[in-house]
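Please read the sequence and the model shown here side by side. The paragraphs after it move from a helix to charged pairs, a pocket and a single side chain.

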Amino acid sequence: MLITTCGNSELLAKKLAKQLRARYVPVTIAAFPDGDLYLRYPVASLKGQTLVIVESFQPNPNETLLHILFAAETAKDLGAKKVILVAPYLAFLRQDARFKPGEAVSSQVMAKLLSNAVDKIITIDPHLHRYASLNELFTIPGKRLTADPLLAEYIKRHYPDAVLVGPDWESSQWAAAIARSLGMASTTLQKKRLSPTKVQVRFVDHLAVKGKTVVLVDDILSTGKTIAAAAREARKRGARRVVAIAVHGVFVPGAFGTVKKAGVSHIITANTIVHPTNKIDITPLLAAALRGER
Ligand code: R5P
């Protein structure tokens, strides 16, 4: 098995190669003077090999998709027998419907392109809401991993007396599952998204947060507006401190400040996307998923 990356997940790809005793092959991705994409493997042939491309879709999701397509197509062209995409964070999934007439259903476009280029996709906590599984999107085998046990372990170690809060119904699958596994109290807030950058949330049940540590759990922290709105609500209800834990820390510019300003004392993410808040390592999860692959 050979392991590579298109650049967003270099450390992860190298760690995985080490844990799996596989060879890490760095691929060169650059641009011709006119801007056209240039890609080169450091080997003349990949005949009969299984190539694993480890690549998170952040930063630069659009460019990343193109990089992966070029890397996969070229690997096949060089004789690879199988190309597996490990996308710790898979983008485009939030546009899972045509919300306004004429819009692209980006998740379907992305899935179609990848299904034609790679043989299998492995991802962590994909944002699946209108789809029940990856199989509804991709025509290739898909493996959906969850970082839930790792998040739970972190919460248990650092915030054993917390109450867990999912800021919207979509996040409840993470918050509720983790709370159940830890025997902690949890609730899901009701969110109204007014625009991509404006949200309102409110408590709909009477979970007592007064004087407690509230851990907000979400799959994605992007603009930070959801977490910030939830943090403000928790503080209004007397929470002693508010902590935020997300699987995927997208952090668009300004997001970190938005969350801090809302009174969140600690922001923690998994390393599906490289960010200074990475405290939860998903390498063992990916290594276990790849162990049986040939
Ligand atoms: C939404 O359905 C997700 O679970 C997250 O709550 C959302 O993607 C967070 O986005 P933002 O940080 O931009 O509010």
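What follows is a guided reading of this structure, with each term explained where it is used.

The model is predicted, so local features are taken at pLDDT of at least 70 and side-chain atom pairs only at pLDDT 80 or more, while totals for chains, interfaces and linings use all residues. Residues are numbered from 1 along each chain as its sequence is written, and side-chain values use heavy atoms, with hydrogens and water left out.

A convenient place to begin is helix 4, which covers residues 148-158; helices (H or I, at least four residues) and strands (E, at least two) are DSSP runs numbered from the N terminus. Asp148, Leu151, Ala152, Tyr154 and Ile155 of this helix are buried, where buried means under 20% relative accessible area, exposed over 50%, and partly exposed in between, with a 1.4 Å probe and protein chains only. Viewed down the axis of helix 4, the buried residues fall within an arc of 160°, so they line one face of the helix; the arc is taken from the directions that run from the helix axis to the C-beta atoms. The face turned away from the buried side carries the exposed residues Pro149, Lys156 and Arg157. Among the elements that cover the buried residues are helix 5 (172-182), strand 13 (213-221) and strand 14 (241-249).

Arg157 also leads to the charged pairs, since its side chain meets that of Glu153 in a salt bridge (3.7 Å, N to O). A salt bridge here is a side-chain nitrogen of Lys or Arg within 4 Å of a carboxyl oxygen of Asp or Glu, and by this rule the count comes to nine. Because Glu153 and Arg157 are four residues apart in helix 4, they are separated by about one helical turn; Glu153 is partly exposed at 47% relative accessible area, and Arg157 is exposed at 56%.

The salt bridge between Arg130 and Asp96 (2.7 Å, N to O) links distant parts of the chain, with Arg130 in the loop between strand 7 (120-124) and strand 8 (142-145), and Asp96, 34 residues apart from it, in the loop between strand 6 (82-87) and helix 3 (106-117). Of these partners, Arg130 is partly exposed at 46%, whereas Asp96 is buried at 6%.

Turning to open space, the largest pocket holds about 1100 Å³. On a 1 Å grid over the protein atoms alone, a pocket is an open set of points where a 1.4 Å probe fits, with protein on both sides within 12 Å along at least five of seven lines, and lining residues have an atom within 4 Å of a point. The lining of the largest pocket comprises 41 residues, of which Arg94, Gln95, His127, Arg193 and Pro196 lie nearest its centre. Strand 11 gives the most to this lining, with five residues.

The last stop is Met110, which is placed in helix 3 and counts as buried at 1% relative accessibility. Leaving aside neighbours within four places in sequence, Met110 is in contact (heavy atoms within 4.5 Å) with Leu65, Leu90, Ala91, Phe92, Leu93 and Phe138. Met110 and Asp125 are 15 residues apart in sequence and 17 Å apart in space, C-alpha to C-alpha.

Note on methods. Grid points are joined across faces, edges and corners, and a volume is the space filled by probe spheres set on the points.
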